[in-house]
Amino acid sequence: RSAPADRSQTAVATPAHLSQLVMKSSLKSSLVSRSALLRSLALGTVFTATRRPAIAAYTIVPTGSVRDKTARLAEVEKLYAKTPDDPYAFGEKAQLEYDIRQLEQNTKFVASTREQVRAGSTRFLQRLRVPVDDMREAVQFWREGCGALVLSTRIVDGANVTVVGFGPESLRRDDGAKFALELVESSEPAPMGGDHALQYVQLAMPVFRLSRVMAAGGKIESAYGWTQLTAPGGLPLRVRIDESRRDPFEFVAVRVSAMGAAVEHFTRLGMAAGKPQEGRRLRKNLGLDSLLSSNSLLEEGDAFEPEREIGSVYVGYGDPQSNTGLLLLPPLPGKRPKPSLGAQGQPEPTLRAVGAPPASASATERSPDGLPVRFEDEDAYEGSLKAEGAAA
């Protein structure tokens, strides 16, 4: 498994090279892996202007509807049957087959989540508001550097508000139930990272090209195994490579002043809390065979996984593999985290959850360290998404 830094320099395949690769390795008769598509199709020049790229076009996470993808696949299969050596038809067919499988799985998740949210048995953490001082730079970073989609753009009280994510937020779409960032233009954005409550956002993505990230304004701090960087506007990020997540947004890391009080607060909001992170120990067997079989000297360690602070606690709604949650970081000795508040009258980082608040909570709850969580029932939430789209 290569380090993300190496993956970011993946060469772009030309149609001629791809054609040779297809014929030499007889990939026509087997299912193409996701990573192969990422390298040879998504980042290359496979979909040209003379073909139909709309339905099979690459996105970080498959988007669109199962119905539309299936209809297009039927057309492509006819083309592929006539010209089985055509890498264009082969590539689009493989991409569509993969997308349909992923969308079918996502459809089941969306239906189950929506049912539970409407029944009041769970909530869905859906959005984080992040103030930025330059909207153009912020949007360029998320679109061109990370491959995110612009979901809506509108003007609210004279300020640009743009929502970005890796798919629709709606709980009524095949490709929906994705977490999103609400970028809010602010002359004095709230401070993040350092000794402030909002520490960073972690993403797990199938591909992350450092050259594109830097060209789009990302400030790389380290990039061995996983990448630590700061997005335009000051939001710290950690990014690891993972091809299996339903949504790249993994969790929002928040520094707390008292872990017990923080865990109690978020569990009162209906979230489940995991066990505190334990320290990793050196592997007992450090012989050559053992070293060659792992990329870490630590037990259960992974050099491609950002290490979590000892004592940190994950809290969230539903399965952490399918949902975006919160990682509560333990207090630093002798320091109380400063609230990530902007200047007077300026927007502050805020979380939004879909679903009615628990009986013991109000529509907006602020954590002991000042992080607001706003609840919105599913009907109102879908209505707000339509209003945002209409205002775009």
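These exercises, each with a worked solution, concern a predicted model of one protein chain.

## Exercise 1: The chain as a whole

State how many helices and strands the chain has, and what share of its residues is buried.

Solution.
- Begin with the secondary structure. The chain holds ten helices and 15 strands.
- Next, take burial. Of the 392 residues, 50% are buried.
- Add the surface. The accessible surface is about 17,900 Å², and carbon and sulfur atoms account for 52% of that area.
- Finish with the contacts. Among contacts with a separation of 6 or more, 70% link residues 24 or more positions apart.

## Exercise 2: Two salt bridges across the sequence

Find the partner of E182 and the partner of D379, and work out which parts of the chain each pair ties together.

Solution.
- General point: side chains of opposite charge can pair when their charged atoms come close.
- Use the cut-off: a Lys or Arg side-chain nitrogen within 4 Å of an Asp or Glu carboxyl oxygen.
- E182 pairs with R129, at 3.1 Å from N to O. E182 sits in strand 4 (residues 180-185) and R129 in strand 1 (residues 124-132), so this bridge ties together parts 53 residues apart in sequence.
- Check burial for this pair. E182 is buried, at 7% relative accessibility. R129 is partly exposed, at 26%.
- D379 pairs with R172, at 2.8 Å from N to O. D379 belongs to helix 10 (residues 378-391), while R172 is in the loop between strand 3 (159-165) and strand 4, so the tie spans 207 residues of sequence.
- Check burial again. D379 is partly exposed, at 45% relative accessibility. R172 is partly exposed too, at 41%.
- Now widen the view. R127, R129, R154, E169, E182 and E388 are linked in a network of salt bridges.
- The count for the model is 24 salt bridges.

## Exercise 3: The surroundings of D242

Place D242 in the fold, decide whether D242 is buried or exposed, and list its side-chain partners.

Solution.
- Locate D242. The residue is in the loop between strand 8 (236-241) and strand 9 (249-255).
- Apply the cut-off for burial, which is under 20% relative accessible area. D242 has 13%, so D242 is buried.
- Look at R240. The side chains of D242 and R240 form a salt bridge of 3.2 Å, N to O. Both residues are buried.
- Look at S244. Its side chain makes a polar contact of 2.6 Å with the side chain of D242.
- Look further along the sequence. Setting aside residues up to four places away, D242 touches A204, M205 and P206.

## Exercise 4: The two sides of helix 4

Show which residues of helix 4 are buried, which of those on the other side are exposed, and what the buried ones pack against.

Solution.
- Describe the helix. Helix 4 (residues 66-82) has 17 residues. From first C-alpha to last, helix 4 reaches 25 Å, close to the 24 Å expected at 1.5 Å a residue.
- List the buried residues of helix 4: V66, K69, R72, L73, V76 and Y80. They cover an arc of only 125 degrees around the axis, which puts them on the same side of helix 4.
- Recall the geometry. An α-helix has 3.6 residues a turn, so residues three or four places apart point the same way.
- Turn to the other side of helix 4. There, R67, K78, A81 and K82 are exposed.
- Find the packing partner. The buried residues of helix 4 pack against helix 5 (87-119).

## Exercise 5: The ends of helix 6

Identify the residue that caps the N-terminal end of helix 6, and the residue with a positive phi just after helix 6.

Solution.
- Start at the N-terminal end. D134 is the cap, with a side-chain oxygen 3.2 Å from the backbone nitrogen of R136.
- Move through the helix. In helix 6 (residues 135-145), the buried residues include M135, A138, V139, F141, W142 and G145.
- Step past the end. G147 takes a positive phi of about 80 degrees.

## Exercise 6: G325 and its contacts

Name the strand that holds G325, and find which residues beyond its sequence neighbours G325 contacts.

Solution.
- Place the residue. G325 is in strand 12 (residues 325-329).
- Read its burial. G325 has a relative accessible area of 0% and is buried.
- Leave aside neighbours within four places in sequence. G325 then contacts L125, E250, F251, V252, Y314, V315 and G316.
- Compare sequence with space for Q126. G325 and Q126 are 199 residues apart in sequence, with their C-alpha atoms 9.4 Å apart.

Definitions and conventions: Residues numbered from 1 in each chain as written. Heavy atoms only, no water. Helix = DSSP H or I, 4+ residues; strand = E, 2+ residues; numbered from the N terminus. Buried < 20%, exposed > 50% of the residue type's maximum accessible area, 1.4 Å probe, protein only. Expected span 1.5 Å × (residues − 1). Arc of directions from axis to C-beta. Contact = heavy atoms within 4.5 Å. Polar contact = N/O pair within 3.5 Å; in protein donor to acceptor, adjacent residues only side chain to side chain. Areas by Shrake-Rupley, 256 points an atom, 1.4 Å probe, with all protein chains shown as cover.
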